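Here are a few notes on one sheet, for when you have the model open. Have a look at the strands first, then read on.

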Amino acid sequence: MPQFDLPVAERRVPQPEHVELLLEAPALAATLTPGQFAHVWTPGTLRRPISFSRTTPEGWVGLLFRVVGPGTAWLAERRAGDRLDVLAPLGHGFPDPEPGPVLLVGGGVGIPPLFAAAQRWGKTHPVSVILGARSADALVMADDFRALGLHPILTTDDGSVGERGRVSGPVAQWLARQGGGQVMACGPTPMLAAVAQLVGGGRPCWLAYEQRMGCGVGACLACVVPGAGADGRPEWIRVCHDGPVLSSQRLLWPQDA
Amino acid sequence: MDVRTAVGAVELANPVLAASGTFGFGPEYDGLVEVRRLGGVAVKGIAPEPWRGNAPPRVWETPSGLLNSIGLQNPGVEAFVAEDLPYLRQQGATVVVNIIGRTREEYAAVARRLDREAGIHALELNISCPNIKEGGIQFGHDPGAAGAVTAAVKGATRLPVWVKLSPNTHDLAGMARAVADAGADAISAINTLVGMAINLDERRPALGGVTGGLSGPAIRPVAVRAVWEVSQAVDIPVVGIGGIQTAADVLEFLMAGASAVMVGTATFSQPGAMAAIIEALPGVLAHYGFDSVAAAIGAAHPGRWTT
Ligand SMILES: Cc1cc2nc3c(=O)[nH]c(=O)nc-3n(C[C@H](O)[C@H](O)[C@H](O)COP(=O)(O)OP(=O)(O)OC[C@H]3O[C@@H](n4cnc5c(N)ncnc54)[C@H](O)[C@@H]3O)c2cc1C
Ligand SMILES: Cc1cc2nc3c(=O)[nH]c(=O)nc-3n(C[C@H](O)[C@H](O)[C@H](O)COP(=O)(O)O)c2cc1C
Ligand code: FES
């Protein structure tokens, strides 16, 4: 995985406290798999992992993040023309789905990699989209999905936009309506656990995971989550190297571990 | 400019090695770091059998530093020899294998197994990791135990044995003398300092292992002082470790008495840090009036700076 020094082509503010940086990176754009991430240099000891949100016809790639601490605050200050030092593309993204319906489920800042997935598979597969957030001002990219001709179902905890409540309701309805299909999801870990439980073992379910990282390249063993090895025995999975997209079958949830 | 150096019998093309636990087994950084350009690579600590390590989260950033509680997860010596060593051997790297154990016998067992393998240049005994409750930690505090484990390993291998000391002890010089007397060929200093952070949102310790080891620039002055003290207490060479980010930092360790250095945490932020240091080192040595790495070693020791 190479290291790039990428100019910021455009800075967008899709919601308060959320910034999307579009980076000029034609070589990278051509090789990205949705779900892969960048390990971005920020001042301090560690880089910050951010998923790619989109690619554009100009050969740009997007990083969309919420400002939660010093690293993302520094990134949010970048302007067009500034440069970012990124290691990318890192990790394994979503696999090519089988023919048939695909459900994309995104929560909060888990939405961006699913938009990248919609860009990739929206024309080849019947794609449904369910997006959730705390409130309307934390729900990103709904218009981007609409621009692809998709009709995202929206949920918010406070009901400020879409249905009030969590994504689980609409996900359960979709699963009941579709006999088969496959699910791709990214969001807070409790949301991923809920989605995995609803989908069960019957259909493919791919989850883009988060864990605190050191190196980002598989060397330091910081970013592990509990999984089941080939023989069913517990093993640690490195999110940066084996993930961040993992089959729900490989993961052990707190209740199973 | 002559940047070659030696740690006892181990000759190094330059004094910059990758620190154990921060560089995996080498191939993880393929495309970013050319391992044969480094002075050497110290691999992740290896035990006789696989160790599972601690629960996540395993890292937490702190001011100018990093707390980790990996807990010495490792694949065990057989898997290391079969799957990881061949890459480093094929790259022509100078390889230092960091070894860990719960008992003296376990350390000796790993050393004995590795003695038969080509492509290993030295063993580094981690008797200092703060992330395990049993084993390593008591060796790191008790000069008698440290000397005994060093002697046991020396008896099990012909490879040079470096002993990596903990800063979490009140008698560093005593520890250094004990392992030197037991036959150690060199001393690596330092491992991480024990620390802790609280996750305010979750109202619990930030690390799954509760406490962790502090590394990065925050510990550099502690490491410089350790190298200064150890290099004057014993006659064997010292490998300096702790918070190194630049060629000037390397020179600081050399002048404090180190014969070589290791770079760890800096690689996470900048995978090219070691290569950049190696490239800048001749200019920095020249700037401060040295014509070789060898000339800088111990240059700040008492008696040498009064001129
Ligand atoms: C594979 C992956 C993809 C991600 N993609 C996105 C994305 O597309 N958009 C987005 O807004 N966020 C994303 N995140 C979360 C993002 O990495 C954190 O929000 C960010 O690192 C916070 O840094 P900070 O300095 O602003 O905050 P702080 O909380 O001060 O960070 C302190 C430390 O904790 C780490 N950290 C904090 N929160 C997280 C988290 N949720 N996951 C992992 N490490 C964390 C930081 O990297 C840093 O080392 C992703 C995380 C991972 C692992
Ligand atoms: C994530 C991580 C894992 C480490 N694992 C080991 C290890 O297995 N064995 C060991 O002797 N030291 C280990 N260390 C300590 C480093 O080798 C080094 O002594 C320490 O980090 C100080 O150097 P630095 O400030 O350049 O990182 C580890 C450090 C880090 C940050
Ligand atoms: S972050 Fe270092 S192994 Fe994943």
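Before the details, a word on pairing: two strands count as paired if DSSP finds at least two bridges between them. Keep in mind, too, that this is a predicted model.

1. The overall layout. In chain B, four strands make an open sheet, running S5-S6-S14-S11, with antiparallel pairing. The edges belong to S5 (59-62) and S11 (193-195) of chain B; each has a single partner strand, so one side of each lacks a neighbour in the sheet. On average, neighbouring strands here are turned by 35° against each other, direction ignored.

2. The hairpin. S5(B) and S6(B) are joined as a hairpin, with two residues between them. In that turn, B:Ser64 has a positive phi of about 55°. The two strands pair in the antiparallel sense over four bridges, and B:Trp60 has B:Leu67 of S6(B) as its bridge partner.

3. The other side of S6. Strand S6 (residues 65-68) of chain B also pairs with strand S14 (residues 212-215) of chain B, again antiparallel, over three bridges. Here B:Asn68 is bridged to B:Gly213 in S14(B).

4. Which way do the residues of S6(B) point, and are they buried or exposed? B:Gly65 and B:Leu67 point one way, B:Leu66 and B:Asn68 the other, and all are buried. That fits the textbook picture: side chains in a regular strand alternate between the two faces of the sheet.

Notes
Residues are numbered from 1 along each chain as its sequence is written. Chains are lettered from A and ligands numbered from 1 in the order in which they are written. This is a predicted model: local features need pLDDT of at least 70, side-chain atom pairs count only at pLDDT 80 or more; totals for chains, interfaces and linings use all residues. Side-chain values use heavy atoms; hydrogens and water are left out. Axes are lines fitted to C-alpha atoms, for helices over the stretch in contact, and angles run from 0 to 180 degrees between N-to-C directions. Buried means under 20% relative accessible area, exposed over 50%, partly exposed in between (1.4 Å probe, protein chains only).
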